[in-house]
Amino acid sequence: MAKEDKKLVANNKKAYHDYFIEEKYEAGLVLHGTEVKSLRMGKCSIKEAFIRLENGEAFIYGMHISPYEKGNIFNKDPLRVKKLLLHKHQIRKLIGNSSEKGYTIVPLQVYFSDGRAKLEIGLARGKKLYDKRQDIARKDQKREAEKELKVRLRA
């Protein structure tokens, strides 16, 4: 009966290319009415966004939510800093892990779960250039293998 109904709004593919994702967390977003309406229309970008932990609270900077067309005076600044809703033990764990060298917290995707806007964040470790090259080579090999398999199945 507990059916997971997720409607994806924005995805950060670049995060998976630039970082090794160690752990993932689901965080709620504190939004205003017109921002929610704009999110429902899919007008959101998290490519340039980053997360900071300040005074025991988590905030997302650089998340762009386009103004709602019919919102007039109720529209907020598109790049407004938004608060993330996480449990205290999760925030403490993130503070401890992100203080280690090479770790950061990145937004991975924005989606609606049971009618509420959620943000999936990840504790990430930066990749080196050679790691990125290895990933690209691995993907190419996989693609070639699938291509060969497809050709063999047709013949």
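Let's start with how the chain folds back on itself: among contacts in the protein chain with a separation of 6 or more, 69% are made by residues 24 or more positions apart. Keep in mind that you are looking at a predicted model.

Now walk along the sequence. The protein chain has four helices and nine strands, and they come in the order β-α-β-α-β-β-β-β-β-α-β-β-α. The protein chain is more spread out than a compact globule, because its radius of gyration is 19 Å, well over the 15 Å that the globule rule gives for 155 residues. Along its principal axes, the C-alpha trace spans about 60 × 40 × 35 Å.

What about the surface? The protein chain exposes about 10700 Å², with carbon and sulfur atoms supplying 51% of that. Of the 155 residues, 34% count as buried. As for charge, the chain carries 35 positive and 21 negative charges, and the mean positions of the two groups are 2 Å apart.

Strand 7 is a good place to zoom in. It covers residues 82-85, and it pairs with two other strands. Strand 2 (residues 19-29) runs antiparallel to strand 7, with two bridges between them; here G28 sits opposite L85. Strand 5 (residues 57-61) is also antiparallel to strand 7, joined by three bridges, and in this pairing I60 has K82 as its bridge partner.

In a regular strand, side chains alternate between the two faces of the sheet. Strand 7 shows this alternation: K82 and L84 point to one face and are buried, while K83 and L85 point to the other and are not. So each face of this short stretch holds one lysine and one leucine.

Terms used
Residues numbered from 1 in each chain as written. Predicted model: local features only at pLDDT ≥ 70, side-chain atom pairs only at ≥ 80, totals over all residues. Heavy atoms only, no water. Rg over C-alpha atoms; globule rule 2.2 N^0.38 Å. Buried < 20%, exposed > 50% of the residue type's maximum accessible area, 1.4 Å probe, protein only. Contact = heavy atoms within 4.5 Å. Areas by Shrake-Rupley, 256 points an atom, 1.4 Å probe, with all protein chains shown as cover. Lys, Arg positive; Asp, Glu negative; His and termini not counted. Charge placed at Lys NZ, Arg CZ, Asp CG, Glu CD. Pairing = 2+ DSSP bridges.
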